[in-house]
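Morning, everyone. I have one protein to walk through today, and I'll keep it brisk. Here it is on the screen.

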Amino acid sequence: MYIPKDILFRTLCQGLRNAPEMRYKHRMTYEHWTIQGLPWDELSPGRVDPDTLAIIKAAALVEYNARDYADYLCRVFADDAVLQTDINRWAEEEVQHGAALGAWAGRIDPSWDFNAAMARFRTGYKIDHFANDNAESVRGSRSGELVARCMVEVGTSSYYTAIGRAVEEPVLKQICRHIAGDEFRHYKLFYDAMKRYLATENLGRFGRLKVALGRIAESEDDELAYAYYAANAPADAPYDRKTYNREYTTRAYRYYGRAEVDRAISMVFKACGFKPNTLPHRMATGTAWWLLSSKRKAA
Ligand SMILES: [Fe+2]
Ligand SMILES: [Fe+2]
């Protein structure tokens with residue numbers, strides 16, 4: 001069924017506003033899902049393929065590491081107590097994502113040691129602006145920082161939506177649905193905060209686009225490749241960025257469908273202040289889909 005892009009965009013925005021878990025202003029007050037409440041008695045290891053298990057192990061490490069990101073954000077927004085409260089709650093949810101994915105992976109593969117993999121990841125992967133005490137945003141402004149955060153949530157919401165749709169194992173499907181819901185809500189949280197900061201900071205649409213594209217490009221930096229390595233490579237295997245980036249992307253990109261790509265581009269446009277159903281929007285969705293398809297073929 002064909003849905004015009006402007007209607008799709010409006011529906012997305014309306015959906016984000018009206019979803020029950022979105023009905024908050026600055027604080028997340030609804031009851032969050034729990035790891036204990038997952039349908040563990042339905043766990044079906046026989047319905048898990050090794051490639052899915054490998055990328056979920058990697059995702060668990062990245063998600064579980066969110067506390068460092070929150071500490072950095074709290075330094076950047078040191079005088080915004082309301083946003084700091086939300087950032088800390090956000091980090092708790094991201095850490096829970098890691099714990100849930102790690103618990104699932106540990107039950108599917110009892111030989112896997114989540115804590116050991118996490119220690120390996122933290123030892124080998126460090127981000128400079130998380131490690132130092134700098135209170136300035138590396139994005140050049142606070143609204144730029146929030147644009148970058150929106151981009152991460154665009155990536156995670158589409159990723160878990162795609163995996164949740166594609167996998168057959170019922171517990172992982174449920175975890176991904178829960179996480180995807182959280183990631184959409186996180187996008188809304190940072191989008192609303194960005195709008196507040198835009199009222200006082202002079203970051204135009206193209207400035208936001210520059211930050212957004214920069215952050216999207218960083219998705220192919222070391223973080224995911226190193227997480228894949230730390231979670232899956234033999235203990236004596238040396239790290240090679242190109243190798244493990246390919247190992248990760250080969251497995252991760254296959255889940256995406258056109259619907260996830262279209263929605264992700266709409267969310268990027270929304271964060272940057274550009275209108276949907278325009279030639280640039282159509283070109284962006286076409287280009288994103290072409291890039292994804294090319295990478296899948298090259299893998
Ligand atoms: Fe997450
Ligand atoms: Fe998130």
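One definition before we start. A residue is buried if 20 or more other C-beta atoms lie within 10 Å of its own, exposed if 12 or fewer, and partly exposed in between. Keep those cut-offs in mind. Also, please remember that this is a predicted model.

Let's use the definition straight away. Is Asn-277 buried, exposed or partly exposed? Count its neighbours. Asn-277 has 15 other C-beta atoms within 10 Å, so it is partly exposed. Where does Asn-277 sit? It is in the loop between H12 and helix H13, which covers 279–298. There is something else to note in its backbone. Asn-277 has a positive phi of about 55°, although it is not a glycine.

Now the overall picture. The protein has 13 helices and zero strands. Read along the sequence, the pattern is simply α after α. There are 299 residues, and 39% of them count as buried. Next, the contacts between residues at least 6 apart in sequence. Of these, 80% join residues at least 24 apart.

On to the core. The largest nonpolar core has 71 residues. Which residues have the most contacts inside it? They are Ala-58, Leu-61, Ala-227 and Val-268. Helix H8, residues 170–198, gives this core its largest share, with twelve residues. Take Ala-58 as an example. Leaving aside neighbours within four places in sequence, Ala-58 is in contact with Leu-224, Ala-227, Tyr-228, Ala-231, Asn-232 and Tyr-248. Ala-227 is on that list, and you just heard it named among the core residues with the most contacts.

Val-268 takes us to helix H12, where it is one of the buried residues. H12 is mostly covered, with twelve of its 15 residues buried. The buried ones include charged residues by name: Glu-260, Asp-262 and Arg-263. Does the length of H12 agree with what we expect, and what should it span? At 1.5 Å a residue, 15 residues should span 21 Å. The end C-alpha atoms are 21 Å apart, so the two agree. Just after H12 comes Gly-273, with a positive phi of about 85°.

Which residues does H12 use to meet H9? First, the geometry. Two packed helices are described by the angle between their axes and the distance between the axes. Helix H9, residues 205–218, packs against helix H12, residues 258–272, at an angle of about 135°. Their axes are 8 Å apart. That angle makes H9 oblique to H12. From H9, the contact uses Arg-205, Arg-208, Leu-209 and Ala-212. From H12, it uses Val-268, Ala-271 and Cys-272. By class, that is five nonpolar, no polar and two charged residues.

Two more residues to finish. Glu-93 lies in helix H4, residues 81–108. It has 19 other C-beta atoms within 10 Å, so Glu-93 is partly exposed. Outside its neighbours within four places in sequence, Glu-93 is in contact with His-32 and Asp-182. Glu-93 and Glu-63 are 30 residues apart in sequence, and 9.0 Å apart in space, C-alpha to C-alpha.

Last one: Ser-141. Its place is the loop between helix H6, 128–131, and helix H7, 142–166. Ser-141 also has 19 other C-beta atoms within 10 Å, so it is partly exposed. Not counting residues up to four places away in sequence, Ser-141 touches Glu-201 and Leu-203. That's my tour.

Conventions:
Residues numbered from 1 in each chain as written. Chains lettered and ligands numbered in written order. Predicted model: local features only at pLDDT ≥ 70, side-chain atom pairs only at ≥ 80, totals over all residues. Helix = DSSP H or I, 4+ residues; strand = E, 2+ residues; numbered from the N terminus. Contact = placed C-beta atoms within 7 Å. Axes fitted to C-alpha atoms, helices over the stretch in contact; angles between N-to-C directions. Parallel < 35°, antiparallel > 145°, perpendicular 65-115°, else oblique. Core = buried A, V, L, I, M, F, W, Y, C linked by C-beta atoms within 7 Å. Expected span 1.5 Å × (residues − 1).
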